[in-house]
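I opened this entry to keep a record of what I looked up, beginning with helix packing and ending with aromatic rings.

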Amino acid sequence: MNTNETYVSYKPLNTLLDSLAQSKTEFIKKANITDCEFEDLESCNLGCISARVIMNVASALNINADTLLSVLSNKFDEKQLSHIYSDPDKQFIKIKRYDVLFDDKGSNKISFIEHRYDREILVSGCYCKKMGILNPDKLKCFKISGDFMSPLICNNDYVIVECKEELPIIDGQIYAFADKDHGIMVRRFISPLHGGLILRSDNPSVDDVYLSKDEKNSIFIIGKVIERSGCVLE
């Protein structure tokens, strides 16, 4: 008898799949796991489940890994499981990478172009709640070039940005913006009393850039940076 195996009166993974209206075959393909790995999950055999499987399955179920482990540890009864997707704190939000495309009519308006073959960043609903993000659909990921914000944000790092049309500028906060010549950039914003905008880099070798009121209109402010993830490759 395997002492690592937890026996339950119902199969919590199947209850979650029923909530998502997914078949076993569809789910195995989506989570990129084997039939044997599914059987271990189905029987809540935590001693045989790898971290890779947990992360893949959590992503496929659209819940965070901690919640999945709690589910497999039999901490939810069947009724609680059937309502798990009504609790946003237990879900993962997938954030995709985008580039920007400027309007070809000469304005500073942009469109967001999704990168289909780049990474997706996952953040939990409780993280969004902690950060005061009321609408996670406004979150987008961008890849940054240059070391202007080094050492905090380095070349080829990814940043998560809360994109809003009406965005209050808070002195010292990091914002993502774009112009036609340089693409997507990140800087700390400072609003002088007499108008305009100061773009400040964390890199001490880079001087502040002052934009007048008119020059400020030449850039498109995408949103406030709330998170970064590093890249080990140049």
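**Around helix H4**

I began just after H4, where Asn-62 takes a positive phi of about 60°. I note at the outset that this is a predicted model.

Going back into the helix itself, I asked which residues of H4 (residues 51-61) are buried. I listed Val-53, Ile-54, Val-57, Ala-58, Ala-60 and Leu-61 as its buried residues. Looking down the axis of H4, I found that these buried residues fall within an arc of 165°, so they line one face of the helix. I set beside this the general rule that an α-helix has 3.6 residues a turn, so residues three or four places apart point the same way.

Next I looked up how H4 packs against helix H5 (residues 65-72), and noted an angle of about 100° with the axes 9 Å apart. Because angles of 65 to 115 degrees count as roughly perpendicular, I entered H4 and H5 as roughly perpendicular to each other. On the H4 side the contact is made by Ile-54, Met-55, Val-57, Ala-58 and Leu-61, and on the H5 side by Ala-65, Leu-68, Leu-69 and Leu-72. Ile-54, Val-57, Ala-58 and Leu-61 thus appear both in my list of buried residues of H4 and among the residues of the contact with H5.

**Aromatic rings**

How many aromatic pairs does the structure hold? I recorded five, and took two of these for a fuller entry.

For Phe-27 and Phe-38, I noted ring centres 6.3 Å apart and planes at 65°, which is over the 60 degrees required, so the pair is edge-to-face. Phe-27 lies in helix H2 (residues 24-31) and Phe-38 in helix H3 (residues 35-42), so this pair ties together parts that are 11 residues apart in sequence. Both Phe-27 and Phe-38 are buried.

For Tyr-98 and Phe-112, I noted centres 6.4 Å apart and planes at 75°, so this pair too is edge-to-face. Here the partners lie in strands, Tyr-98 in S2 (residues 98-102) and Phe-112 in S3 (residues 110-114), so the pair ties together parts that are 14 residues apart in sequence. Tyr-98 is buried, with a relative accessible area of 16%, whereas Phe-112, at 29%, is partly exposed. Ring pairs link Tyr-98 and Phe-112 with Phe-142 into a cluster.

**Charges over rings**

Returning to Tyr-98, I found Lys-140 over the face of its ring, at 5.2 Å from the ring centre. I also entered Arg-187, which lies over the face of Phe-148 at 4.1 Å from the ring centre.

How values were computed
Residues are numbered from 1 along each chain as its sequence is written. This is a predicted model: local features need pLDDT of at least 70, side-chain atom pairs count only at pLDDT 80 or more; totals for chains, interfaces and linings use all residues. Side-chain values use heavy atoms; hydrogens and water are left out. Rings of Phe, Tyr and Trp (its six-membered ring) pair if their centres lie within 6.5 Å; planes under 30 degrees apart count as stacked, over 60 as edge-to-face and the rest as tilted. Helices (H or I, at least four residues) and strands (E, at least two) are DSSP runs, numbered from the N terminus. Buried means under 20% relative accessible area, exposed over 50%, partly exposed in between (1.4 Å probe, protein chains only). A charge sits over a ring if NZ of Lys or CZ of Arg is within 6 Å of the ring centre and within 35 degrees of the ring normal. The arc is that of the directions from the helix axis to the C-beta atoms. Axes are lines fitted to C-alpha atoms, for helices over the stretch in contact, and angles run from 0 to 180 degrees between N-to-C directions. Angles under 35 degrees count as roughly parallel, over 145 as roughly antiparallel, 65 to 115 as roughly perpendicular and the rest as oblique. Contact means heavy atoms within 4.5 Å.
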